[in-house]
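User: Could you take a close look at one part of this model for me? I would like to follow its charged side chains and see how they are placed.

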Amino acid sequence: MVQPPDAGLRVLPAPREIRRLDYLMAWHPRLDGDLGQRRLRDTVRAVTAELPEAAM
């Protein structure tokens, strides 16, 4: 017998808001001149600068 795809699926209420989580990254100074690492750092900075204040 084949069961429908949603067999046993339960819908639960959403959890309470999760408290703020600070996430930090660090690069070793020897990678300062690496163009790929520089591009990654610049991209991370640009994307996170666009986040709403509440998300930071």
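Analyst: Happy to; here is a walk through the helix and the residues around it.

A word on the source before the details: this is a predicted model. The chain contains 1 helix and 0 strands, and of its 56 residues, 2% are buried. The chain exposes about 6100 Å², with carbon and sulfur atoms supplying 58% of that area.

Let us start with the helix itself. H1 covers residues 35–49. Its length is easy to check: at 1.5 Å a residue, the 15 residues of H1 should span 21 Å, and the end C-alpha atoms are 21 Å apart, so the expected span and the model agree. At the N-terminal end of H1, Asp 34 acts as the cap. A side-chain oxygen of Asp 34 lies 3.0 Å from the backbone nitrogen of Gly 36.

Moving along the helix, we come to Arg 41, which is found in H1. Arg 41 is buried, yet it has no salt bridge. The nearest side chain of opposite charge belongs to Asp 32, 4.1 Å away. A salt bridge needs a side-chain nitrogen of Lys or Arg within 4 Å of a carboxyl oxygen of Asp or Glu, so the 4.1 Å between Arg 41 and Asp 32 does not meet that cut-off. Leaving out residues up to four places away in sequence, Arg 41 touches Trp 27, Leu 31 and Asp 32.

Now look at that partner from the other side. Asp 32 sits in the segment before H1. Setting aside neighbours within four places in sequence, Asp 32 is in contact with Arg 38 and Arg 41. Asp 32 has a relative accessible area of 41%, so it counts as partly exposed, whereas Arg 41 is buried.

Where, then, is the salt bridge of this structure? The structure holds 1 salt bridge, and it joins the side chains of Asp 42 and Arg 45, with 3.4 Å from N to O. Both residues lie in H1, 3 residues apart, which is about one turn of the helix. The pair also appears as a polar contact between the two side chains, again at 3.4 Å. As for its surroundings, Asp 42 has a relative accessible area of 41% and is therefore partly exposed.

To put the pieces side by side: Asp 34 caps the N-terminal end of H1, Asp 42 pairs with Arg 45 in a salt bridge, and the buried Arg 41 has Asp 32 at 4.1 Å without a salt bridge.

Methods:
Residues numbered from 1 in each chain as written. Predicted model: local features only at pLDDT ≥ 70, side-chain atom pairs only at ≥ 80, totals over all residues. Heavy atoms only, no water. Helix = DSSP H or I, 4+ residues; strand = E, 2+ residues; numbered from the N terminus. Buried < 20%, exposed > 50% of the residue type's maximum accessible area, 1.4 Å probe, protein only. Areas by Shrake-Rupley, 256 points an atom, 1.4 Å probe, with all protein chains shown as cover. Contact = heavy atoms within 4.5 Å. Expected span 1.5 Å × (residues − 1). Polar contact = N/O pair within 3.5 Å; in protein donor to acceptor, adjacent residues only side chain to side chain. Lys, Arg positive; Asp, Glu negative; His and termini not counted.
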